[in-house]
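Visitor: I'd like to walk through this one with you. Can we start with where the chains meet?

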Amino acid sequence: MIEQTAPIAESTYRELLSGLQAILADEELVIEPERLRVFECDALTAYRRMPKVAALPRTEGQVQRILKLCDRLQVPVVTRGAGTGLSGGALPHSAGLLLVMSRFDRILEIDPVRMLARVQPGVRNAAVSEAAASHRLFYAPDPSSQIACSIGGNIAENAGGIHCLKYGLTHNNVASIRALTVEGEVLTLGTEALENAGPEYRSMLIGSEGMLAAVTEITLRLLPLPVETRTLLAGFDSVADASAAVKGIIAAGMVPAALEMLDATTVAAVSEYCNCGYPPTAAAVLLADVDGAPAVATADAEQLTGIFRDCGATSVSVATDASERARLWLGRKSAFPALGRITPDYYCIDGSIPRGEIGAVLADIEKLSKDAGILVANVFHAGDGNLHPIILFDAGKAGEIDRVEALAGRILERCIAAGGSITGEHGVGVEKIDQMATQFTDAEIAQFLAVKAALDPNGILNPGKGVPSLRRCQEYRALKKHSEGAA
Amino acid sequence: MIELSAVEQQLVAQVQEAHQGGQRLTVGGGGTRAFLGAAPQATRMDTRANSGIIALRESERTLTVRAATSLIEIESVLEQAGLQIACGLPALQPESTVGGAVSAGMAGPGRVSGGDIKDQLLGAVLVNGRGEPLRFGGDVMKNVAGYDLARLPVGAFGDLGLLLQLTLKLQPRTRAETSLHTGMGWEQGQELIRSLQLENYPLLASAYEDGNWILRLGCERAQLPQPLQGAGEQPAQYWRDLRDQRTAFHNGPGNLWRIVLPQGAPLLAHGEEPLVAEWHGALQWLRSDRPASEIFAAAAAAGGHARLFRSELAGLCSRPDAGTQTLHRKIKTALDPHGVFVAGPGNLFAEGGEA
């Protein structure tokens, strides 16, 4: 649930507005409710809240002055990129300012020799690879929303994607970050050189959900484009066999570029939705990319086929040319709209577990789903052990949303019990803030809060997100204990 | 809860006492990086007993170890499992520990194929200045819960806390390997490296010495392009000696600089100054008697940073900018409010760091 906050005092609001008018042009400042409506949520649409004002600055100097103004007036600031986040990290604050970075949309430099791209935070993820392609380079992290999501948002959530099994997450592909503190101080963290000197403050900022600083420029590392890619699709009669294949691939020392799993519900839905050539009645399919020099891709495709067969795959197909490969990926990429056709609403969650635990955890998710009487589909980054259970439900039914939230909570707790994490790549946001109390001790939470207070003493940056207060942790644990006792 | 061994509990108690009693501690492991700077004014906390592998999960390709485990022990265990730490952690002496290598944050020749040291780290148990053992990150590949404080100690030289346990990502060893000296000079070799990268050849490492590029590739020689078919063989041991800085070049007399640069950086040696490069030229080891300020300026102009590595004047390094220094003071206070931990030799924020 969203914590209630006090409304902004009228005098503060007036001072804020006059301050903002001195910093921003009229068209860079939004105060009318009808124009603020578009910002009321990110892609976690179950949570909606109107900001008091929205600022759409164009320069770092403007951002600096806005932050100082808000810090002085103690007005909350929520930074927003493209609004594609799935954990409510960019949910506005009702008494605060929404700092919309969409106008920071320039690719400042592609440096093919250093293999770097210097970009503004509002640049779309896919635009970086498009700009680098003529140099035979690309930016590897590729979240499913990559056509729309922004690099700034990717930094905020440490975004992953389909190919991070081989190429890493956002934090593995960032050279340096330029950011502003609430006091307006410029931070340059990390380096274009191949190794940072000093503590990893760059990593600390990545995934911090706009709670420590506001990012104004990012230098990304580019990689050589794969010369050849093979896409493999394997059908299985059981989730257990498919899970065993994932374990076998990792244990065999293979590093596919991508390794995705879709369960029976998802396979059936996408087979109805598009012509992707999946075995429509399979209990699970695995979809993999192997890439590199042609000889390597060929050898890896053969080895992968062997592992699939050894683990009981009922069908294996290998696609080489671009259109065949695109057809196999179409099924995976259509999973969300396809599931959307069989359910009024869905809710995608994001747990991370050791790869060897996939079979056991999926079996338990199925049990939890049956107990709750709510269907759960699974389509996820199996090679990384990053689950995306998708709860299918009808928000129109009385009490359904509460039951869905409870089921999601139980699934995340199961991920923690398996030695995992409540979030692999979507971030905590508002969505998983309660489960932080299960994953972390009070001393660990207190340490996060101390780090936050060191950079943002007035607590104006994205309050109520990411890290819960100690009181909230204790309340959540007491509530959980009580409900477990009752069950 | 974090399960701590008796040794770890003692170390935690030592930090708690120091926090309450206003003492200052400096974390010591194998002590093999002491040459990086002056000895700190603090009681040396001997962590060497905190050693041992907690879990090698071969099928997950992860390793959890106690921080003072020797790198030699880790390497021999991983070798048997056909695994490795991708960037290579320099084992300067048999006593060198994994905690020391992570705290120093300086990667081996595998940096260009396997990432830097933070890229190997999945999780850590860190004791803060209050003597609280804290677990950040985890054993899983992806984890964005809470701020990333697991990787923060990389390069911090023990300034931000005591590392008790580390979980590292492992990489399979390649099925085949070929090392060869190309006979190519700086520019020609860089062009070759560039084309090998773009053609996706499995280039594991590279080194430049005596005017010649040496390459390490994760494939059979027969799979290499024509210009490399006739190249001379290089013994594989070369890469271990380079990683562990056991060459005559590294241990010779005079000032040795370690200069880290972006890929494609120019050669920084003047005239006859001896130089060995790694990382396709992005790591340059330079023997030079030029004034430190000149080396720092040259490194900065090329987009990098420098450290006087082996010298009587060791401790000199490119200083972080003002913003980073302020940030460091704030985060240091958040983790260690009474200033219990005093960073070990090599600390970037040490007084009088840059000449």
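Guide: Sure. Keep in mind that this is a predicted model. In it, 88 residues of chain A are in contact with 67 residues of chain B.

Visitor: What area is buried between chain A and chain B?

Guide: About 6,300 Å². Carbon and sulfur atoms give 58% of that.

Visitor: Which three residues supply more of the area that chain A buries than any other three?

Guide: A:L194, A:E195 and A:Y201. Together they supply 13% of the area chain A buries against chain B.

Visitor: How many salt bridges are there across the interface?

Guide: The rule finds eight. One of them pairs B:K142 with A:E425, with the closest N and O atoms 3.0 Å apart.

Visitor: And residue pairs in polar contact, how many?

Guide: 30 across the interface, counting pairs with both residues at pLDDT 80 or more.

Visitor: Which element gives the most to the side of chain A that touches chain B?

Guide: α16(A), with nine residues. Elements that each supply at least two include β9 (186–190), α8 (239–251) and α10 (294–310). By class, that side has 41 nonpolar, 29 polar and 18 charged residues.

Visitor: Switching to chain A itself. How many helices and strands?

Guide: 17 helices and 20 strands.

Visitor: What is its radius of gyration, set against a compact globule?

Guide: Chain A has 23 Å. A compact globule of 487 residues would be near 23 Å, so the two agree. The C-alpha trace spans about 70 × 65 × 40 Å along its principal axes.

Visitor: What share of chain A is buried?

Guide: Buried residues make up 59% of the 487. Also, of the contacts with a separation of 6 or more, 72% join residues 24 or more positions apart.

Methods: Residues numbered from 1 in each chain as written. Chains lettered and ligands numbered in written order. Predicted model: local features only at pLDDT ≥ 70, side-chain atom pairs only at ≥ 80, totals over all residues. Heavy atoms only, no water. Contact = heavy atoms within 4.5 Å. Buried area = accessible area lost by both parts, 1.4 Å probe. Salt bridge = Lys/Arg side-chain N within 4 Å of Asp/Glu carboxyl O. Polar contact = N/O pair within 3.5 Å; in protein donor to acceptor, adjacent residues only side chain to side chain. Helix = DSSP H or I, 4+ residues; strand = E, 2+ residues; numbered from the N terminus. Nonpolar A, V, L, I, M, F, W, Y, C, P; charged D, E, K, R; others polar. Rg over C-alpha atoms; globule rule 2.2 N^0.38 Å. Buried < 20%, exposed > 50% of the residue type's maximum accessible area, 1.4 Å probe, protein only.
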